[in-house]
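This briefing introduces a structure to a reader who has not met it before. Please keep the sequence and the three-dimensional view at hand while reading.

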Amino acid sequence: MSFRFSERVPKNDSDPVGDILKVAGSPDVISFAGGLPAPELFPIEALKKVTNEVFDESGREALQYSSAIGYPALREQIAQRMNRQGIKATADNIMITTGSQQSIDITAKMFVNPGDTVIVEKPTYLCALDVFRSYGAHIVGVEMDEDGMRMDQLEKAVAANPNTKFIYTIPNFQNPTGRTMSAERREQMIEIANKYDIMIMEDDPYGAIRFAGDDIEPVKFYDNEERVIYLSTFSKILAPGLRLGWIVMNKDLMPKYSVMKQSADVHSDNLTQHIVAKFMAEYNIDEHVNKIRKVYRKRENVMMAAIEKYFPAGVNYSHPQGGLFIWVEVPGDVDTIKLFNTCIKHNVAFVPGEPFYPDKVTPGTFRLNYSNMSEEQIQTGIERLGSAIKETIDQNQTTRVAQH
């Protein structure tokens, strides 16, 4: 029989990132490819304890159907956390989602018609790009520098695309570049959004994982017209397998979001919501986050020192102050897939830059993750990666000479 798929389904079954992660998953390979938190930092004993308490105290409620917008006690705890971060919110502004990936999907589904423009940082989170494409969006990428999305280029993009529905930004320790948008640019982004009457989707999964520099208020802190939809998650500050995220929004949007959420999955896992709420009531989650920060700071320092030691001259890389990622740019029109294959021969892996670009790809770019490997593995892996980069650059130069 024939299957008549919708336009949202990709025309082929290729999954280049999945294929890369499969290869990178070999036990002999030191992989900097995944965006994985360190599993040894998951608070397993504490979560086990509060899970038993949830079953003892409110098991029937936790196992029953619940509200689409989420467990009130958890929403209240998140609201308190948001206010400490400079976002004015009550539980009425907050909906629980099945990870921030669902937050992206529901928001895009709610606002994007085929042909509408979504403006993103270039490069940006590859799964967000997949979502926007699935709803038929016209995606426009805006160049970045070390201070995040360039506002002069953003205003040009908005002016050139009057059908823009929203700007999608990851302002803190951006995926994939690790860069952080300056406070000045956050204010300018709000000014541009107000001027052109468009919305902003602020995706902030990494903001709590700052281990250097000073905190910067969220974009939503500067939002005087309630046009910013703020997304975050427990994936990086507790455990990704819990699959819990949240949206902070203008409360006038809540009825629409509630309907969209119900049509997606009725509600996020109610038992997990009770468990996380109980954890936050009994434990100081900020103390737990501080443990994560200390470990990631050490691992990032080890990776940066190894990069400086082993990478060839001329290779550029970002200098994150938090989060999980470093972005690398190898000069000389290096084919990143060819470099990846050379790296696999050296038993080290990364994620090539191609899937992070909404349009024209910058060659020789790739993402490194430092959160999920030991310091010893980071040292060894970066030494291998440096050798593979040198080998690829030498091969490129030899090929050029031969062609002349």
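In which helix is Arg-384 found? Arg-384 belongs to helix H12, which covers residues 375–403. The model is a predicted one, and the points below take up Arg-384, two sheets, two loop residues, a pocket and a cavity in turn.

**Arg-384 in helix H12**

- Arg-384 counts as partly exposed, because its relative accessibility is 27% and the partly exposed class lies between 20% and 50%.
- The side chain of Arg-384 reaches the backbone oxygen of Asn-347 at a distance of 2.8 Å.
- Leaving aside neighbours within four places in sequence, the contacts of Arg-384 are Asp-28, Ile-30, His-346, Asn-347 and Val-348.
- One of these contacts, Ile-30, is 354 residues away from Arg-384 along the chain, yet the two C-alpha atoms are separated by 9.2 Å.

**The sheet of 8 strands**

- An open sheet of 8 strands follows the order E2-E9-E8-E7-E6-E3-E4-E5, and its pairing is mixed.
- E2 and strand E5 (148–149) form the edges of this sheet; each has a single partner strand, so one side of each is left without a neighbour in the sheet.
- At the E2 edge, strand E2 (residues 94–97) runs antiparallel to strand E9 (residues 245–248), and 4 bridges join the two.
- Within this pair, Thr-97 has Gly-245 in E9 as its bridge partner.
- In a regular strand, side chains alternate between the two faces of the sheet.
- Strand E2 is covered on both faces: Ile-94 and Ile-96 are buried on one side, and Met-95 and Thr-97 are buried on the other.
- Parallel pairing is found between strand E3 (residues 117–122) and strand E4 (residues 138–145), which share 6 bridges.
- Val-120 stands opposite Gly-141 in E4.

**Val-219, in a loop between two strands**

- Val-219 lies in the loop that runs between strand E7 (199–203) and strand E8 (228–233).
- Val-219 is classed as buried because its relative accessible area is 0%, and buried means under 20%.
- Not counting residues up to four places away in sequence, Val-219 touches Pro-171, Arg-186, Met-189, Ile-190, Ile-200, Glu-202 and Val-228.
- Between Val-219 and Gly-86 there are 9.8 Å from C-alpha to C-alpha, although the two are 133 residues apart in sequence.

**The sheet of 4 strands**

- A further open sheet has 4 strands in the order E10-E11-E14-E13, with antiparallel pairing.
- Its edges are strand E10 (316–317) and strand E13 (351–352), each of which has a single partner strand, so one side of each lacks a neighbour in the sheet.
- E13 and strand E14 (residues 365–369) pair in the antiparallel sense over 2 bridges.
- Pro-352 stands opposite Phe-366 in E14.

**Ser-318, in a loop of the 4-strand region**

- Ser-318 is placed in the loop between E10 and strand E11 (325–329).
- With a relative accessible area of 3%, Ser-318 is buried.
- The side chain of Ser-318 reaches the backbone oxygen of Thr-177 at 2.6 Å.
- A polar atom of the same side chain lies 2.9 Å from the backbone nitrogen of Trp-327.
- Apart from neighbours within four places in sequence, Ser-318 is in contact with Glu-146, Thr-177, Met-304, Ile-326 and Trp-327.

**The largest pocket**

- The volume of the largest pocket is about 580 Å³.
- Its lining has 30 residues, of which Gly-35, Tyr-125, Cys-127, Asn-175 and Lys-236 are the closest to the centre.
- Helix H1 (16–24), helix H4 (99–111) and helix H5 (126–134) each contribute at least two residues to this lining.
- By type, the lining residues of the pocket divide into 16 nonpolar, 9 polar and 5 charged.

**The cavity**

- Searching the whole structure finds 1 cavity of 30 Å³ or more.
- The largest cavity holds about 50 Å³ of space.
- Residues that line the largest cavity include Pro-37, Ala-38, Leu-41, Phe-42, Lys-236, His-288 and Tyr-296.
- The lining of the largest cavity divides into 9 nonpolar, 2 polar and 1 charged residues.
- Lys-236 is one of the residues lining the cavity, and Lys-236 is also among the residues closest to the centre of the largest pocket.

Methods:
Residues are numbered from 1 along each chain as its sequence is written. This is a predicted model: local features need pLDDT of at least 70, side-chain atom pairs count only at pLDDT 80 or more; totals for chains, interfaces and linings use all residues. Side-chain values use heavy atoms; hydrogens and water are left out. Two strands pair if DSSP finds at least two bridges between them. Buried means under 20% relative accessible area, exposed over 50%, partly exposed in between (1.4 Å probe, protein chains only). A polar contact is a pair of N or O atoms within 3.5 Å; within protein, one must be able to donate a hydrogen and the other to accept it, and residues adjacent in sequence count only if both atoms are side-chain atoms. Contact means heavy atoms within 4.5 Å. On a 1 Å grid over the protein atoms alone, a cavity is a set of points where a 1.4 Å probe fits but cannot get out, and a pocket is an open set with protein on both sides within 12 Å along at least five of seven lines; lining residues have an atom within 4 Å of a point. Grid points are joined across faces, edges and corners, and a volume is the space filled by probe spheres set on the points. Ala, Val, Leu, Ile, Met, Phe, Trp, Tyr, Cys and Pro count as nonpolar, Asp, Glu, Lys and Arg as charged, and the others, Gly among them, as polar.
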